[in-house]
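Visitor: I should like to learn how the features of a protein model are read. May we proceed one feature at a time?

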Amino acid sequence: MTKYKRSAKHIKIIIISLISLFLILSTLSFPLRTVIYSIRTGKVTKPVRIAQVSDLHSDYYGKNMKNLLNAIDEQSPDLIVLTGDIFDEESDNENTRIFLKDISQKYPCFYVSGNHEHRKNGWNTYKNEALKMGITVLEGDTSEIMGITICGASSSGRGNQNFGTSVSHCAEKAGDNFNVLLAHYPEQIDFYRSFGKFDLILSGHAHGGQWRIPFLVNGLYAPEQGLFPKYAGGRYDFENETMIVSRGLSRTKTKIPRIFNNPELVIIDIFPESEEQS
């Protein structure tokens, strides 16, 4: 065997090994996980459990979406918030419809748009489907439940308001309750904080940065944030606010597969300061 042929063979082995490693890591990053966060505040008198669903993109979670639905039911949330990109413009969205129909019959649900719902002018169709299921769609609006206020910002709504105006409307309507802002875009956290009205911000959009290196790199790339995004996923505590960024649920609809970045269902427990966690 010539030196050239040996080198070519070694390169081929290396390439096959790298591809195999890539596929193994992607497979390990495929299963759904549930992540639970706890927040204590003097603004509530009883515990509230929120399930956050973000960036589903109508992905498949077993027959009749039972894998995701069972994961939610196991956590017994008081309400569900849907923080954008639940529908997808490139999908027939049957998985999303099955999912929304089920949860809307069990839990109070609150929905804001992401960027994908607005592509191909889909938002009016999607939000009307959600409304017919009894889901509360928030476009610069607020809704009170269990002693907290859910504030929802969507990219367009009444009067074709833009996203910033929608956030402003939320701030104007937020009172003295524990205020939860649903806003798809985590990179706008400084804007959300500028109002001084929101105690908890729930976002998505970043898909966890797609690739992670545990304990070293929280995410490789996110839309609007670029390489090594600051807000790829997880909990971020500020002086007067907390932001939780879901890593999202889409696992087959993205062009780049996840690595060390499992899709996640987020659970947030809001406890009174005086109550011991069970």
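Guide: Let us begin with Lys43, which counts as partly exposed because its relative accessibility is 40%. Buried means under 20% relative accessible area, exposed over 50%, and partly exposed in between, for a 1.4 Å probe and protein chains only. This is a predicted model, in which local features need pLDDT of at least 70 and side-chain atom pairs count only at pLDDT 80 or more, while totals for chains, interfaces and linings use all residues. Residues are numbered from 1 along each chain as its sequence is written, and side-chain values use heavy atoms, leaving out hydrogens and water.

Visitor: With which residue does the side chain of Lys43 meet in a salt bridge?

Guide: A salt bridge is a side-chain nitrogen of Lys or Arg within 4 Å of a carboxyl oxygen of Asp or Glu. Here the partner of Lys43 is Asp199, at 2.9 Å from N to O. Asp199 lies in the loop between helix H6 (189–193) and strand S9, and Lys43 in the loop between strand S1 (33–41) and strand S2, so the bridge ties together parts that are 156 residues apart in sequence. Helices (H or I, at least four residues) and strands (E, at least two) are DSSP runs numbered from the N terminus. Asp199, with a relative accessible area of 15%, is buried.

Visitor: How many salt bridges does a search of the whole structure find?

Guide: The search finds eleven. One of them joins Glu89 and Arg119, whose closest N and O atoms are 3.4 Å apart. This pair links distant parts of the chain, since Glu89 sits in the loop between S3 and H3 and Arg119 in the loop between S4 and H4, 30 residues apart. Glu89 is buried at 13% relative accessibility, whereas Arg119 is partly exposed at 40%.

Another salt bridge is formed by Arg193 and Glu241, with 2.7 Å between the closest N and O atoms. Arg193 belongs to helix H6 and Glu241 to the loop between strand S12 (234–237) and S13, so that this pair also links distant parts of the chain, 48 residues apart. Arg193 is partly exposed, with a relative accessible area of 27%, and Glu241 is buried at 7%. In addition, salt bridges that share partners join Asp73, Asp102 and Lys106 into one network.

Visitor: How should a helix be read? Which residues of helix H4 are buried?

Guide: An α-helix has 3.6 residues a turn, so residues three or four places apart point the same way. In H4 (residues 123–132), the buried residues are Trp123, Tyr126, Lys127, Glu129 and Ala130. They line one face of the helix, because they fall within an arc of 155° when seen down the axis of H4; the arc is that of the directions from the helix axis to the C-beta atoms.

Visitor: Against which elements do the buried residues of H4 pack?

Guide: They pack against helix H3 (94–104), strand S4 (109–112) and strand S5 (136–137), where contact means heavy atoms within 4.5 Å. Leu131 also lies in H4, but it counts as partly exposed at 43% relative accessibility. Just after H4, Gly134 takes a positive phi of about 90°.

Visitor: Which elements give two or more residues to the largest nonpolar core?

Guide: A nonpolar core is a set of buried Ala, Val, Leu, Ile, Met, Phe, Trp, Tyr and Cys residues joined through side-chain atoms within 4.5 Å. The largest has 27 residues, of which Val53, Ile72, Ile80, Leu82, Phe99, Ile103 and Tyr111 touch the most other members. The elements giving two or more residues are S2, H2, S3, H3, S4, H4 and S14. H2 gives the most, with four residues. Leaving out residues up to four places away in sequence, Val53 touches several residues, among them Ile72, Phe99, Leu249 and Leu265. A second, separate core of 23 residues includes Ile39, Ile50, Ile150 and Leu182.

Visitor: Is Ser250 buried or exposed?

Guide: Ser250 counts as buried, because its relative accessibility is 0%. Its place is in the loop between strand S13 (242–245) and strand S14 (264–272). Beyond its neighbours within four places in sequence, Ser250 is in contact with Asp55, Leu56, His57, Asp59, His207 and Arg258.
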